[in-house]
Number of protein chains: 2
Amino acid sequence: MAQRPAGARRAEILRAAAVLFAERGFHGVTIDDLGRAVGTSGPALYRHFPGKEALLAAVLIDVSERLAADARARAAAEPDPREALRAMLRGHIDFALTEPALITVHDRELGNVPEPERRRVRRLQRGYVEQWVAVLARLRPGAGAPVLRAAVHAAFGLLNSTPHSAGELPPERMGALLLEMATAALLAES
Amino acid sequence: MAQRPAGARRAEILRAAAVLFAERGFHGVTIDDLGRAVGTSGPALYRHFPGKEALLAAVLIDVSERLAADARARAAAEPDPREALRAMLRGHIDFALTEPALITVHDRELGNVPEPERRRVRRLQRGYVEQWVAVLARLRPGAGAPVLRAAVHAAFGLLNSTPHSAGELPPERMGALLLEMATAALLAES
DNA sequence: CACCCACGTTAACGGTCACTAACATCGCCG
DNA sequence: CGGCGATGTTAGTGACCGTTAACGTGGGTG
């Protein structure tokens, strides 16, 4: 049997699962679909995950952790809030353009994650939002936290729309457009 | 049997279905769920719709038609493109705040609509986007149609994020915030 | 009043799906 | 080289789900 680095199969399954979940939704994908997507058939997945829900949970936890960690690193590296915001925007946009399936699953399928992991994902997502709010608060001292939170959520909606308008523009053009639109939106006074 | 205006039951079913589909996704809702939500049980729905997919199609066609018709009316009533854009934004925002379930289903479940109706929904959606592009083109003569289309999709993502951040702000504050953010985003040069 | 039709009901059927059981294969390690 | 753990395979199995069948009922109409 072809030997490969430990966990490679597991990562391959997670990647394929994200694509299928993004395309058809959690309940629209069968275990056999998932197996076929990685070249095995159906029940082989139970060697790597205890069940379908656990697989979804692993995808969501992975995405949430990557987003939060990336934002933390970028924010810490830029003392100027304006530059920190730009860096965080570039990070999120890069993620959305590179892995549209992960972004899609991330904001659609939380409801299908079983309870202990759901709480974990929620906490990670909240932490991510709060990092954005903290940076934004320094740029807009007049605005209260609820407004900033709502603004951040709206900006995420803008950035995460990429999967739905794929192919309209080449990725670099699209990235630049999203960067300017999101910046303008986040700094607009209401 | 309680007699009510013709089609009232049908409309009631559509409304309940939109809520459930938005919450759990098309495949996450059963016929029995839908029946229970309107006080009947399961198969009674087949007196009103030929099947589950037809029900979803009816929801999507209804939403798409309302959005497109509303935008057409508002755009025609305002000769100034700046005012037309504001009016269209207010219309979409009002819709998103009033009927979050419809907005959610509208941009998630197209893939589950069977083929003849899917084409129809797509055409309606495309027409809606093109109305926005036409107005925007007058405000940003320098930008090409692909950029404007991408910008419009991104703005929809921003506006449609409301369901995910419900309760952060009172509806009027949220509406005003979305209006300013979307305006700034759509008019930002890239 | 008789009939019919709109609208429900419950029971059953056939298919699909997540998951389990039982069994095979292959590389590593003692 | 012999066994063992990791990783597959195929064949169930029980539950659920969309849909259909068969049957009830009550109000408007000829």
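Is the crossing of α7(A) and α8(A) left-handed or right-handed? Colleagues, I shall answer that from the model before us, which is a predicted one, and then turn to the DNA.

The crossing of α7(A) and α8(A) is right-handed. Contributing to the contact from α7(A) are A:Ala151, A:Val152, A:Ala155, A:Leu158 and A:Leu159, while α8(A) supplies A:Leu178, A:Met181, A:Ala182 and A:Leu186. Sorted by class, this contact of α7(A) with α8(A) comprises nine nonpolar residues, with no polar and no charged ones.

As to the geometry, α7 covers residues 145–159 of chain A and α8 covers residues 171–187 of chain A; the two helices pack at an angle of about 165 degrees, and their axes are 10 Å apart. Angles over 145 degrees count as roughly antiparallel, and α7(A) and α8(A) are therefore roughly antiparallel to each other.

I now move to DNA strand D. This strand is surrounded by 16 residues, and the closest are A:Arg9, A:Arg47, A:His48, B:Tyr46 and B:Lys52. Of the atoms of DNA strand D that come within 4 Å of the protein, 61% belong to sugar and phosphate. By class, the surface near the strand has seven nonpolar, five polar and four charged residues.

Which part of DNA strand D does the side chain of A:Arg47 approach? An N or O atom of that side chain is 2.4 Å from a base oxygen. Phosphate oxygens of the strand are approached by two other residues: in A:His48, a side-chain N or O atom is 2.8 Å from one, and in B:Lys52, a polar side-chain atom also lies 2.8 Å from a phosphate oxygen.

Conventions. Residues are numbered from 1 along each chain as its sequence is written. Chains are lettered from A and ligands numbered from 1 in the order in which they are written. This is a predicted model: local features need pLDDT of at least 70, side-chain atom pairs count only at pLDDT 80 or more; totals for chains, interfaces and linings use all residues. Side-chain values use heavy atoms; hydrogens and water are left out. Axes are lines fitted to C-alpha atoms, for helices over the stretch in contact, and angles run from 0 to 180 degrees between N-to-C directions. Helices (H or I, at least four residues) and strands (E, at least two) are DSSP runs, numbered from the N terminus. Angles under 35 degrees count as roughly parallel, over 145 as roughly antiparallel, 65 to 115 as roughly perpendicular and the rest as oblique. A crossing is left-handed if the near helix is turned anticlockwise from the far one by less than a right angle, and right-handed if clockwise. Contact means heavy atoms within 4.5 Å. Ala, Val, Leu, Ile, Met, Phe, Trp, Tyr, Cys and Pro count as nonpolar, Asp, Glu, Lys and Arg as charged, and the others, Gly among them, as polar. A residue is near a molecule or strand if one of its heavy atoms lies within 4 Å of it. A polar contact is a pair of N or O atoms within 3.5 Å; within protein, one must be able to donate a hydrogen and the other to accept it, and residues adjacent in sequence count only if both atoms are side-chain atoms.
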